[in-house]
Amino acid sequence: MSMSHKLFLEAQKYLPGGVNSPVRAWRAVGGDPLFIQRGRGCRVIDADGQEYIDYVGSWGPLIVGHAHSQVVRALGETLKRGTSFGAPTPREIELAKILVEAVPSLEKVRLTSSGTEAAMTALRLARGYTGRTKIIKFAGCYHGHSDALLVRAGSGALTFSTPDSAGVPEAFASQTLVAEYNDLASVEVYLKAEPAAIAAVIVEPIPGNMGLVLPKPDFLAGLRSLTRAYGVVLIFDEVISGFRVARGGAQEIYGIDPDLTCLGKVIGGGLPLAAVGGKRAIMDLLSPLGPVYQAGTLSGNPLAVTAGIETLKLMGSPGAYARLNELGSLMAEGLRAAIQDSGIVACVNQLGSMFTVFFGVDQVQDYATATRSDTQLFARYFQGMIDRGIYLPPSQFETAFISLVHGEAEIEETLAAAKQVFLSLRS
Ligand code: KE4
């Protein structure tokens, strides 16, 4: 019996499903999850000492790789001065300044400890600012697990077919309208029906939670003009895409000026840190300045802020994003060639250092096409890649991540494994 299996049996005695976050349980792909004992660069080592090339990267934060010496050194220095004070600290200003200077639409930010808090706060700000109550989200997009947003949600909610979670009162869910990503008409119909009722539209500009899906030309610009026309707050949830696809995130790539933005993952460098930010007129509604309450014991925690600052410094080095794009293209081209050679039906969506292979479909551009993919074939692909030392996200409805410390050698090793696995899927 493997050490991971032993640990999983023990974990299930005390933790529901043996995990502290559902997608980690490998329910969608079968078998027991690997228990990871350490990370090193672009690799993780499991409880049995097996090494894997890591494309989960803690679901995005580890963009500079595990245990980067510059991050570890800075954390060590910070730790000597204590872990948390529940008081303002100088480095919170430093991180806030980095975020505001990097993301064009940000005038002020509030640091939180999770993306869920950031998205929840963004909605509360939009409702406080407009005095309206309804929100529009998109099927398959995931914005954390606050009640208002667990409606037709993606990520683990989609993976486990609980996109509308139990325990969310109908009174809450009824305030959330669901549109279709890449379909502006599905948004406009709501706005026309209740022009004065909708406080916000929240969107993952580049969705990673139904697998990776790319915005159609003018979709995001269309959202911006529709929300402006109806006085609706546009919220870009860039918890995944922020500082991942570009320093300024998706809004930099597509030239969009959202009213509010949620950030997370990369900006915490693997420690619990996220942020909500945007226009001063909205952000200044936040307590203690204004009437919209939000708080957090560990918000802006010194260790998390340190890891974030060092990670963003490393991502500020010249050519960092060009390098991620180069590795991402190499991966996507190789995967497409391997799919073609194998004769299986599958497609690859890729943008920068994010990619997803969808099985049983030849293109995925929205929730309907993503959910038509063959999740059983995905499970076989996942297991085949694990057997060959490649650690992918354990769900068809997640995106894989390449880090700055992956190299051509790792990409080639991954492609060689994929070639074999795709051929094995033909039977
Ligand atoms: P957290 O509360 O998990 O820090 O962030 C929630 C969140 C918000 N917005 C987006 C676009 C997100 O992707 C997430 C969280 N992402 C998932 C994976 N896709 C986290 C992994 C997990 O749930 O274990």
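Student: How far apart do the C-alpha centres of domain 1 and domain 2 lie, and where do the domain bounds come from?

Tutor: The C-alpha centres of the two domains lie 25 Å apart, and the bounds, 3–67 + 318–424 for domain 1 and 69–315 for domain 2, come from an automatic or database domain assignment. The contact between them, meaning heavy atoms within 4.5 Å, takes 36 residues from domain 1 and 38 residues from domain 2. This is a predicted model, in which local features need pLDDT of at least 70 and side-chain atom pairs count only at pLDDT 80 or more, while totals for chains, interfaces and linings use all residues. Residues are numbered from 1 along each chain as its sequence is written, and side-chain values use heavy atoms, with hydrogens and water left out.

Student: Why is the ligand said to lie between the domains?

Tutor: Domain 1 and domain 2 both give residues to the shell around the ligand, so the ligand lies between them. A residue is near the ligand if one of its heavy atoms lies within 4 Å of it, and of the 17 residues around the ligand, those that come nearest are Ser21, Thr116, Asn209, Asp237 and Glu398.

Student: What makes the pair between Ser21 and the ligand a polar contact?

Tutor: A polar contact is a pair of N or O atoms within 3.5 Å; within protein, one must be able to donate a hydrogen and the other to accept it, and residues adjacent in sequence count only if both atoms are side-chain atoms. An N or O atom in the side chain of Ser21 is 2.6 Å from an oxygen atom of the ligand, so the pair falls within the cut-off. A polar side-chain atom of Thr116 lies 2.7 Å from a ligand oxygen atom, and for Gly115 a backbone N or O atom lies 2.9 Å from an oxygen atom of the ligand.

Student: Why is Asp218 called exposed, and is Phe243 buried or exposed?

Tutor: Exposed means over 50% relative accessible area, buried under 20%, and partly exposed in between (1.4 Å probe, protein chains only). Asp218 has a relative accessible area of 61%, so Asp218 is exposed, whereas Phe243, at 0% relative accessibility, counts as buried.

Student: What is the phi of each of these residues?

Tutor: Phi of Asp218 is near 75 degrees, a positive value in a residue other than glycine, and Phe243, which is not a glycine either, has a positive phi of about 60 degrees.
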